[in-house]
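Q: Could you take me through one part of this protein up close, and then show me how the rest is put together around it? I'm new to reading structures, so please go step by step.

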Amino acid sequence: RLGFRGQGLLRHLEVVHDDVGHRVLGAVAPPRKTDLRDLRQGIALLEIAAGHGVMHSTCVLGELHLGVSYLPDEDIPSQFIDEKKAIELLTTAAQSEERNVAGTAFYRLGLIFKQPNDEAYNAEKATAYLGKAYELGILPAAYELAKLYKTGTPNVPIDLMKAVEWLEKAAEQNYLPALND
């Protein structure tokens, strides 16, 4: 038997089964903190949708496994964070025909591979994925590439010309952090 939130999640899933994603975890939140059972139910529903090929759900699951929360003022408990699972899910979601889903997946993958202190660090993948995310309309990707080239990493030398180029691309689209940089 599902509690109030679980029932709301199920109703919402029935109404929006092809766009389950963050709406399942965020739109039906009662005015109380989410408990682990609620989170498990939400993840279970996303897994069902992802298992049926709903790429938006696959992408959201990948983000959840990175610790990205769609609920205001709430963090994902560390027991749900699994970078390898996130990479697997986001790699699948990146193949989506939906621009926003694929773009978001490429963006998150780029951020994972961009971190030099992370075991998943891969500068080549980071720049490729962030570039692809930008091509798919994810503006923060241009800004992340600008920061990457501005500061450099062990395998990405500082390149101020490229940094300015990516910063200008983000600023041309009125991406606020780029306008303030």
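A: Let's begin with T58, in this predicted model. T58 has a relative accessibility of 4%, and buried means under 20%, so T58 counts as buried. You will find T58 in helix α4, which runs over residues 55–66. What does T58 touch, not counting residues up to four places away in sequence? The residues it touches are A50, L89, T92 and A93.

Two of those names will come back in a moment, so let's step out to the whole chain. The protein has 10 helices and zero strands. Following the sequence from start to end, you read α-α-α-α-α-α-α-α-α-α. The protein has 181 residues, and 47% of them count as buried. If you take the contacts with a separation of 6 or more, 53% are between residues 24 or more positions apart. On the outside, about 9900 Å² is exposed, with carbon and sulfur atoms supplying 52% of that area.

Now for the inside. In soluble globular proteins, nonpolar side chains tend to be buried together. Here the largest nonpolar core has 36 residues, and the members that touch the most others are F106, Y107, L109, F113 and W166. Helices α5 (83–93), α6, α7, α8 and α9 each supply at least two residues of this core. Helix α6 gives the most, with nine residues. For a closer view, pick L109: leaving aside neighbours within four places in sequence, L109 is in contact with I87, L90, T91, A94 and Y129. Apart from this core lies another one, of 10 residues, and its members include L46, A50, V60 and L89. Remember A50 and L89? T58 touches both of them.

Let's finish with one of the contributing helices, α8. Helix α8 spans residues 139–151, 13 residues in total. From its first C-alpha to its last it reaches 19 Å, close to the 18 Å expected at 1.5 Å a residue. Its buried residues are A141, A142, Y143, E144, L145, A146, L148 and Y149. What covers them includes α6 (99–114), α7 (123–135), α9 (160–172) and α10 (176–180). Just after α8 comes G152, which takes a positive phi of about 75°.

Technical notes:
Residues numbered from 1 in each chain as written. Predicted model: local features only at pLDDT ≥ 70, side-chain atom pairs only at ≥ 80, totals over all residues. Heavy atoms only, no water. Helix = DSSP H or I, 4+ residues; strand = E, 2+ residues; numbered from the N terminus. Expected span 1.5 Å × (residues − 1). Buried < 20%, exposed > 50% of the residue type's maximum accessible area, 1.4 Å probe, protein only. Contact = heavy atoms within 4.5 Å. Areas by Shrake-Rupley, 256 points an atom, 1.4 Å probe, with all protein chains shown as cover. Core = buried A, V, L, I, M, F, W, Y, C linked by side-chain atoms within 4.5 Å.
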